[in-house]
Structures are given as C-alpha cells and as structure tokens.
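Trainee: I am new to this structure and would like a close look at a single part of it. Could you take me through the largest pocket and then set it beside what else can be seen?

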Amino acid sequence: MKPDLFEAPDYYHLDDLFSEEHLLVRDAARQWVKRDISPIIETYAQNAEFPKQIIGGLAEIGAFGPYIPEEYGGAGLDQISYGLIMQEIERGDSGVRSTASVQSSLVMYPIYTYGTEEQRKKYLPKLATGELMGCFGLTEPNHGSNPSGMETKYKDMGDHYLLNGAKLWISNAPFADIAVVWAKNEEGRIHGLIVERGMEGFTTPETHNKWSLRASATGELIFDNVKVPKENLLPKKSGLGAPLGCLDSARYGISWGAIGAAMDCYDTALRYAKERIQFGKPIAATQLQQKKLAEMITEITKAQLLAFRLGQLKNEGKATTAQISMAKRNNVEMAIKIAREARQVLGGMGITGEYSIMRHMMNLESVITYEGTHDIHLLITGADITGYQAFK
C-alpha cells in the first residue's frame with residue numbers, strides 16, 4: 001500500500017484569503033481522505049464497489065449538508081467551506097464526492113429550501129449523520145438535457161398521490177433510504193416528492209458495467225403505482241426552477257471538486273517527474289515535461305481563483321446560474337485535460353492502479369457530463385451573454 005504523499009499546490013497563496021475556519025474545515029477533510037480514502041479507493045474502484053463504511057466519516061467531516069443550519073443537524077458553514085470539503089473529497093475520488101454532493105445539494109438542500117418544517121425536522125438531522133442516505137430523481141431514460149420533458153407523473157388519489165415512471169443514472173440509488181423525486185402532476189406542473197424505501201412499487205436496480213465512477217453506486221428509480229403520502233410533497237416551490245435550483249448547488253460543489261482531482265493528478269505527475277530518471281537526468285529537467293507541469297499549475301491556479309470568487313458570490317447571494325455553469329464547465333474541462341497530460345508524464349505506469357491518474361481520468365468523463373453536459377453549460381453561458389436561447 002503506497003503512502004498518500006499528496007501536497008496541495010497553492011501557487012497564488014490562496015490560503016491567505018481563507019478564514020481560520022475555512023482552513024480547519026479543509027484540513028480535517030484532507031486528513032480524513034489521506035487516512036480513510038486513499039488506502040482503499042483503488043481496490044474499491046477496481047471491484048466496482050462503493051465503500052459504505054466511509055459514510056460515518058463523511059458525516060464527521062461535515063460533508064453532508066455543511067451549509068444546513070445547526071438546528072437541523074448541519075454544520076452551519078458557509079459556501080466556501082462547502083467547496084473546500086468537496087475539493088478534498090474529490091482529490092480522493094470523484095465517486096465519493098458524488099455521494100456527498102447528492103446528499104448535500106440534491107437531497108438536504110431541497111428539503112431545507114422547499115420543504116415544510118415537519119419535513120426538515122424529520123429528515124435533515126438523520127441525513128446529516130448519514131443515518132439516512134438519499135438520492136435525487138430527475139434524469140429519465142428519454143430525458144437528460146431536457147428535463148422539462150419528463151414522463152414521470154403522479155395523480156391525486158384523495159388521501160395520497162399515485163406515482164408512476166422511471167429515473168436513470170441516479171447516484172446513491174441502490175442504497176438510498178429516501179429519494180427526492182421530480183414528477184409532473186395532472187396539470188403538467190413539476191413538483192418534488194419524498195419517496196421512501198419500502199414503499200410498495202418502488203425499486204432501485206443497480207447500474208453495472210461502468211468504466212467511470214466505479215467506486216460510486218449508480219442505479220435506477222422505478223415507480224410502479226407507488227402510494228406517496230401527501231405530506232411528502234415539497235410545497236414551497238414548483239416548476240422546473242425547483243430542481244434546477246438544486247443543480248445550481250451541486251454544480252457549484254463540482255466546480256471545487258474538479259480542482260481536487262486536478263491537484264491530485266498534478267501532484268502525482270510532479271513527484272514522478274522528479275524521481276523518474278531517463279538519459280541520465282530526471283524527466284522533470286526536460287523542456288517538454290516542464291511545459292506540461294507549468295501549464296497544469298497555471299490552469300489549476302486559474303480554476304482556484306474562479307471557484308473562490310464564485311464562493312464569495314454564493315455567500316453574498318449574488319451567484320447566478322450562468323456564473324455557476326461557467327465554473328463547472330471550465331473547471332471540469334481543466335481537470336480532465338490535466339488528467340490526460342499527467343498520464344502521459346507517467347508513461348505506461350500512468351494506466352496502472354498503482355497511481356490515481358487513470359481512475360481520475362475515467363471518473364471525470366462522467367463529471368464532465370452529469371449535472372449538465374459540457375455543451376449545455378456552454379449554451380447557458382451563450383444565452384446569458386447574448387440574450388438568445390439556443391437550446392431548441
């Protein structure tokens with residue numbers, strides 16, 4: 001078992017801009033990843049298995065709903081703290097970060113923001129500790145980038161709702177205790193419903209044969225005449241803007257998380273380049289490898305500054321959907337390019353499980369697609385700056 005020697009790059013001294021609380025939160029997450037993720041993650045990824053034993057640790061470092069108020073079990077932290085936690089977790093593995101992102105931004109966030117006080121008290125404290133795990137049902141077999149076309153529907157049956165439909169590519173689905181599901185009512189209006197495991201007609205088959213996010217559990221949500229109590233409807237917001245608001249929070253977390261994956265690839269490549277001797281000298285002393293490494297640290301630094309400023313805007317309630325899309329798109333593209341370049345620095349060793357780079361590269365192929373594809377985020381920016389909608 002190789003020791004985790006990771007040293008985070010901070011070329012522009014961003015640590016000087018973080019508060020003492022930010023640094024404490026980040027360093028706690030960093031040490032947890034080194035202790036509990038790095039030693040096991042390659043094995044779990046190779047075996048395509050999610051390490052369920054880490055759920056308690058994720059809760060302990062505040063990865064579940066860190067910005068949720070303490071009265072509901074959250075840590076009451078700010079948005080930069082949330083971002084830093086996601087950065088450190090994804091430095092370990094994108095799939096583990098996905099588990100935390102879903103729990104925080106796609107399950108706890110909508111219950112806190114759109115739910116009743118009774119729903120908040122019933123679910124949020126248990127979600128914060130990991131006693132309950134959740135998932136988010138928006139994407140469907142026939143509707144990915146166009147969620148407004150969803151076919152999942154529910155009917156008012158008087159004393160309950162009757163839910164029918166299916167969701168696809170759902171992180172945490174195979175083991176989730178609850179699902180925040182988006183469905184259309186009889187008038188075609190989109191609403192959120194909390195569906196609990198054990199409700200008759202609700203099943204969550206697992207998705208197998210993935211080459212990406214192998215240490216993350218992915219599945220489907222199938223609803224076959226599921227009776228959902230009326231008190232499980234999220235009442236405070238409806239329409240497509242409700243689930244998209246959740247995605248804003250998740251995409252923001254991804255914009256930080258991708259930096260963590262890029263940092264790990266860069267740090268691995270830099271260390272290897274200094275140690276690998278060819279033609280009588282370290283390959284780090286050659287121009288081509290220095291070009292790769294210099295470009296990597298430049299792009300990481302730019303992404304750090306972008307995410308930090310976005311975090312400030314989030315804290316002030318000023319961050320727009322388009323700004324979040326820009327950061328998600330830029331930072332994930334940055335990370336996947338760095339993963340590919342770092343793999344080349346390591347040569348053939350870069351494809352082995354002895355190093356993290358190939359795993360990060362495969363994971364990022366999913367990250368660049370989920371929570372809005374790379375192209376869709378480009379069009380969100382395009383629409384924002386031109387005033388013309390080009391989706392249709």
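Mentor: What follows begins with the largest pocket and then moves outward to the second pocket, the salt bridges and the surface.

Please keep in mind that this is a predicted model. The largest pocket has a volume of about 1200 Å³, and its lining is made up of 40 residues, of which T139, G144, Y370, E371 and G372 lie nearest the centre. Five elements give two or more residues to this lining, namely α5 (94–114), β3 (160–171), α7 (241–275), α9 (321–345) and α11 (374–386). Of these, α5 gives the most, with five residues. When the lining of the largest pocket is sorted by class, 17 residues are nonpolar, 16 are polar and seven are charged.

One residue at this site deserves a longer look. E371, which is among those nearest the centre of the largest pocket, sits in the loop between α10 (357–367) and α11. Its phi is positive, about 60°, although E371 is not a glycine. With a relative accessible area of 16%, E371 falls under the 20% limit and therefore counts as buried. A positive phi is also found at L213, where the value is near 50°; L213 belongs to the loop between β6 (202–203) and β7 (218–229), and at 5% relative accessibility it counts as buried.

The strand β3, already named for its part in the lining of the largest pocket, also takes part in a salt bridge. E140 and K167 are joined in this way, with their closest N and O atoms 2.9 Å apart. This pair links distant parts of the chain, since E140 is in the loop between β1 (134–137) and β2 (153–156) while K167 is in strand β3, 27 residues apart. E140 is buried, at a relative accessible area of 5%, and K167 is buried too, at 0%.

For the second largest pocket, the volume is about 610 Å³. Its lining holds 25 residues, and K2, P3, E354, Y355 and S356 are the ones nearest its centre. The elements that give two or more residues here are α2 (41–46), α4 (79–92) and α7, and α7 supplies the largest share, six residues. By class, the lining of the second largest pocket has eight nonpolar, six polar and 11 charged residues.

Helix α2 brings us back to salt bridges, of which the structure holds 19. In one of them the side chains of R359 and E42 meet at 2.9 Å, N to O. R359 lies in helix α10 and E42 in helix α2, so this pair ties together parts that are 317 residues apart in sequence. Both R359 and E42 are buried. Another salt bridge joins K122 and E196, whose closest N and O atoms are 3.3 Å apart. Because K122 lies in helix α6 (residues 117–129) and E196 in strand β5 (residues 190–196), the pair ties together parts that are 74 residues apart in sequence. Here K122 is partly exposed, at a relative accessible area of 47%, and E196 is partly exposed as well, at 24%. Salt bridges also link D4, R91 and D264 in a network.

Finally, on the surface, Y11, Y12 and L305 form a nonpolar patch, with about 370 Å² of accessible area together. L305 has its place in helix α8 (residues 287–315), and at 33% relative accessibility it counts as partly exposed.

Terms used:
Residues are numbered from 1 along each chain as its sequence is written. This is a predicted model: local features need pLDDT of at least 70, side-chain atom pairs count only at pLDDT 80 or more; totals for chains, interfaces and linings use all residues. Side-chain values use heavy atoms; hydrogens and water are left out. Patches are made of residues with over 30% relative accessible area and no salt bridge: like charges are joined within 9 Å, nonpolar side chains (Val, Leu, Ile, Met, Phe, Trp, Tyr) within 5 Å. Accessible areas come from the Shrake-Rupley method with a 1.4 Å probe; for residues, only the protein chains shown count as cover. A salt bridge is a side-chain nitrogen of Lys or Arg within 4 Å of a carboxyl oxygen of Asp or Glu. Helices (H or I, at least four residues) and strands (E, at least two) are DSSP runs, numbered from the N terminus. Buried means under 20% relative accessible area, exposed over 50%, partly exposed in between (1.4 Å probe, protein chains only). On a 1 Å grid over the protein atoms alone, a cavity is a set of points where a 1.4 Å probe fits but cannot get out, and a pocket is an open set with protein on both sides within 12 Å along at least five of seven lines; lining residues have an atom within 4 Å of a point. Grid points are joined across faces, edges and corners, and a volume is the space filled by probe spheres set on the points. Ala, Val, Leu, Ile, Met, Phe, Trp, Tyr, Cys and Pro count as nonpolar, Asp, Glu, Lys and Arg as charged, and the others, Gly among them, as polar.
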